Amino acid sequence: MSNKIKIVIATSVLLNVLLTGIILGHVLSKLTHRPPGGVDNDHVVSQLSAEKRKVFLDTMQQVSIENRKIRKHIREGRERALAALSAREFSESDYMAETVRLDELRMRISHNTTAATVALAAGFSQEERKVLAAYIRHLPMQQRNGPHASGQGKCMSLSPPPPSPGNVGE
């Protein structure tokens, strides 16, 4: 074989090995992903007593279910806002109305999460509240403000939601 063919084959093999390494590294990093800050929140929650852990996990599950319906309305509202923005005739009032509704919905998610945190903290000792604070501290920012998850669920608030014009989220 000529030297050119040997170089092309060697280069091809080298690039394939590099590509395989990159793909495997990416896959393995997804499988062994640690939360931001390297803290495993399951470990943090395990510091609670079994009874308090159940209350905590049930409350967080309920908040997640409550917020799913709101997030669905956020996605729909976002599409309406983008449609208003890209319409042939731009209507500032339509676009602004949708963005105001989106802000209200995001605030409802924040309110639900805050109300759940307050409800939990009221029944926790100082040490348990420290565990709750550690859990919240290590959540990604988008989860603190409401994760963007899909799905539907019964929207049941722990406390009354803030008033919204036209019952936007229901």
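Guide: Helices here are DSSP runs of H or I with at least four residues, numbered from the N terminus. The model under discussion is a predicted one, and the place of Ser49 in it is the loop between H2 and H3.

Visitor: How many helices and how many strands are there in the chain?
Guide: Read along the sequence, the chain follows the pattern α-α-α-α-α-α, in which each element is a helix. The count for the chain is therefore six helices and zero strands.

Visitor: What share of the contacts between residues at least 6 apart in sequence joins residues at least 24 apart?
Guide: Contact here means heavy atoms within 4.5 Å. Among the contacts in the chain between residues at least 6 apart in sequence, the share that joins residues at least 24 apart is 79%.

Visitor: Are H3 and H4 roughly parallel or roughly antiparallel to each other?
Guide: Helix H3, residues 50-86, packs with H4 at an angle of about 175°, and their axes are 8 Å apart. The residues of this contact divide into 15 nonpolar, six polar and eight charged. Because angles over 145 degrees count as roughly antiparallel, the relation of H3 to H4 is roughly antiparallel.

Visitor: In what kind of crossing does H4 pass H5?
Guide: Helix H4, residues 92-122, and helix H5, residues 126-137, pack at an angle of about 155°, with a distance of 10 Å between their axes. H4 and H5 are therefore roughly antiparallel to each other. The crossing in which H4 passes H5 is right-handed.

Visitor: Which residues of H4 and H5 make the contact?
Guide: By class, the contact of H4 with H5 has four nonpolar residues, one polar residue and one charged residue. H5 supplies Arg129, Leu132 and Ile136 to this contact, while the residues from H4 are Thr117, Leu120 and Ala121.

Visitor: Does Leu120 count as buried or exposed, and at what relative accessibility?
Guide: Leu120 has its place in helix H4, and, not counting residues up to four places away in sequence, this leucine touches Val55, Phe56, Thr59, Met60 and Leu132. Leu120 and Lys52 are 68 residues apart in sequence and 9.1 Å apart in space, C-alpha to C-alpha. Because buried means under 20% relative accessible area, Leu120 counts as buried, at 3%.

Visitor: Which helix supplies the largest share of the largest nonpolar core?
Guide: The largest nonpolar core has 10 residues in all, including Val44, Val45, Leu48, Phe56, Leu120, Phe124 and Leu132. Helix H2 (41-45) and H5 each supply at least two residues of this core. The largest share, four residues, comes from H5.

Visitor: How many residues does the other core have?
Guide: This core lies apart from the largest nonpolar core, and Ile70, Ile74, Ala81 and Ile109 are among its residues. Its residue count is six.

Visitor: Which residues does Phe124 touch, not counting residues up to four places away in sequence?
Guide: Phe124 is itself one of the residues of the largest nonpolar core, to which Leu48 and Phe56 also belong. With residues up to four places away in sequence left out, the residues touched by Phe124 are Leu48, Lys52, Phe56 and Arg129.

Visitor: How far apart are the C-alpha atoms of Ser49 and Glu128?
Guide: Ser49, at 37% relative accessibility, counts as partly exposed, whereas Glu128 in helix H5 counts as buried at 16%. Glu128 touches Leu48, Ser49, Lys52 and Gly123, not counting residues up to four places away in sequence. Although Ser49 and Glu128 are 79 residues apart along the chain, the separation of their C-alpha atoms is 8.8 Å.

Terms used:
Residues numbered from 1 in each chain as written. Predicted model: local features only at pLDDT ≥ 70, side-chain atom pairs only at ≥ 80, totals over all residues. Heavy atoms only, no water. Axes fitted to C-alpha atoms, helices over the stretch in contact; angles between N-to-C directions. Parallel < 35°, antiparallel > 145°, perpendicular 65-115°, else oblique. Left-handed = near helix turned anticlockwise from the far one by under 90°. Nonpolar A, V, L, I, M, F, W, Y, C, P; charged D, E, K, R; others polar. Core = buried A, V, L, I, M, F, W, Y, C linked by side-chain atoms within 4.5 Å. Buried < 20%, exposed > 50% of the residue type's maximum accessible area, 1.4 Å probe, protein only.
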